[in-house]
Amino acid sequence: MVDFALSEEHRALVEMARRFTRERIAPIAAECDRDSKFPMDVFEQAWEIGLVNPSIPTEYGGAGLGELDNALLTEQLAWGCAGIQTSITANQLALTPIRIAGSDDLKKKYLGMLASEPIMASYATSEPDAGSDVAGLKTKFRKVGDDYVLSGQKCWITNASYARFYVVFATSDPQSRHKGIAAFVVDRDSAGFRVGKKEDKLGQRASDTAQIFLDDVVVPAANLLAPEGQGFKLAMETFNQTRPDIAAGATGLMQRCLDESVAYAKERKT
């Protein structure tokens with residue numbers, strides 16, 4: 001018989017996330033959604049107690065938790081507000097390709113950065129003509145000496161307005177589709193890098209979503225995350241390891257819907 005019961009450690013993790021969500025997220029969710037603003041103070045508090053970046057390995061300053069732990073946390077956060085939850089957990093999407101494919105130096109620098117202070121990072125594949133079809137992206141890179149130069153546009157990037165660095169996927173030739181794609185870590189303060197307008201969305205309004213533009217952004221060779229031809233595979237493996245969070249967030253949201261429906265049914269008079 002398979003035992004699906006949570007361990008004592010998992011139950012403690014869930015209780016911590018549940019308490020934080022009910023005390024810090026749920027009371028401000030409606031206001032943040034209405035005003036389309038992300039509560040950075042809540043993000044910082046979540047980081048302080050270990051609800052952000054849970055899968056950073058211990059050797060780089062993190063908790064070294066697994067995907068089950070992360071899914072349990074995500075479920076509780078989404079109960080309070082799916083938008084706030086999306087922004088809190090988006091670092092997980094950005095750090096995963098670095099954890100999978102980054103050199104030790106890249107991991108020390110960028111995972112260490114996330115572990116040492118409450119900052120955000122973004123993951124950038126989507127473009128105006130390449131959303132679900134990652135192989136159709138058009139942002140280009142070219143090799144110049146020992147560096148790479150990136151040019152193009154990304155859109156619908158979670159936390160783009162706040163991120164300190166970005167994992168950016170680009171291609172040597174759009175006609176090559178998945179065979180031409182590489183991945184890079186791009187610092188926000190790079191010359192030629194610009195964050196565009198924040199999107200005014202129908203849902204998840206508390207989560208920041210914006211465009212980014214790269215105008216001949218020079219990226220050092222040390223920040224190459226996946227070489228040409230390996231970027232698409234890295235993007236897919238990143239999705240493989242992080243998409244359970246989407247289901248977990250939906251589960252938390254459905255639990256909130258059920259809880260609110262039951263509460264209403266108990267007090268409704270006809």
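## Contact between α1 and α3

In this predicted model, Phe20, Arg24 and Ile25 of helix α1 meet Asp41, Val42, Gln45 and Ala46 of helix α3. Sorted by class, this contact comprises 4 nonpolar, 1 polar and 2 charged residues.

Helix α1 covers residues 8-25 and helix α3 covers residues 40-48. The two pack at an angle of about 160°, and their axes are 11 Å apart. Since angles over 145 degrees count as roughly antiparallel, α1 is therefore roughly antiparallel to α3. The crossing of α1 and α3 is right-handed.

## Strand β4 and its partners

Strand β4 spans residues 165-171, and 7 of its 7 residues are buried, so the strand is largely enclosed by the rest of the structure. In a regular strand, side chains alternate between the two faces of the sheet. In β4, Phe165, Val167, Phe169 and Thr171 point one way, while Tyr166, Val168 and Ala170 point the other way. Residues of both sets are buried.

Strand β4 pairs with β1 and with β5. Strand β1 (residues 121-124) runs parallel to β4 and is joined to it by 4 bridges; here Ala121 has Phe165 of β4 as its bridge partner. The pairing of β4 with strand β5 (residues 181-187) is antiparallel and extends over 7 bridges. Within that pairing, Val168 is matched with Phe184 of β5.

## Asn223 in the β7-β8 loop

Asn223 is located in the loop that runs between β7 (209-220) and β8 (224-226). Its relative accessibility is 6%. Buried means under 20% relative accessible area, so Asn223 counts as buried.

Apart from neighbours within four places in sequence, Asn223 is in contact with Leu106, Tyr110, Ala183, Phe184, Val185 and Asp187. Among these contacts is Phe184, the β5 residue that is the bridge partner of Val168.

## Pairings of β7

Strand β7 pairs with β3 and is also joined to β6. Strand β3 (residues 147-158) and β7 are antiparallel, with 9 bridges between them. One of the paired positions is Val149, whose bridge partner in β7 is Val218.

Strand β6 (residues 193-198) also runs antiparallel to β7, and 4 bridges join the two. In this pairing Phe193 stands opposite Leu214 of β7.

Notes: Residues numbered from 1 in each chain as written. Predicted model: local features only at pLDDT ≥ 70, side-chain atom pairs only at ≥ 80, totals over all residues. Heavy atoms only, no water. Axes fitted to C-alpha atoms, helices over the stretch in contact; angles between N-to-C directions. Parallel < 35°, antiparallel > 145°, perpendicular 65-115°, else oblique. Left-handed = near helix turned anticlockwise from the far one by under 90°. Contact = heavy atoms within 4.5 Å. Nonpolar A, V, L, I, M, F, W, Y, C, P; charged D, E, K, R; others polar. Buried < 20%, exposed > 50% of the residue type's maximum accessible area, 1.4 Å probe, protein only. Pairing = 2+ DSSP bridges.
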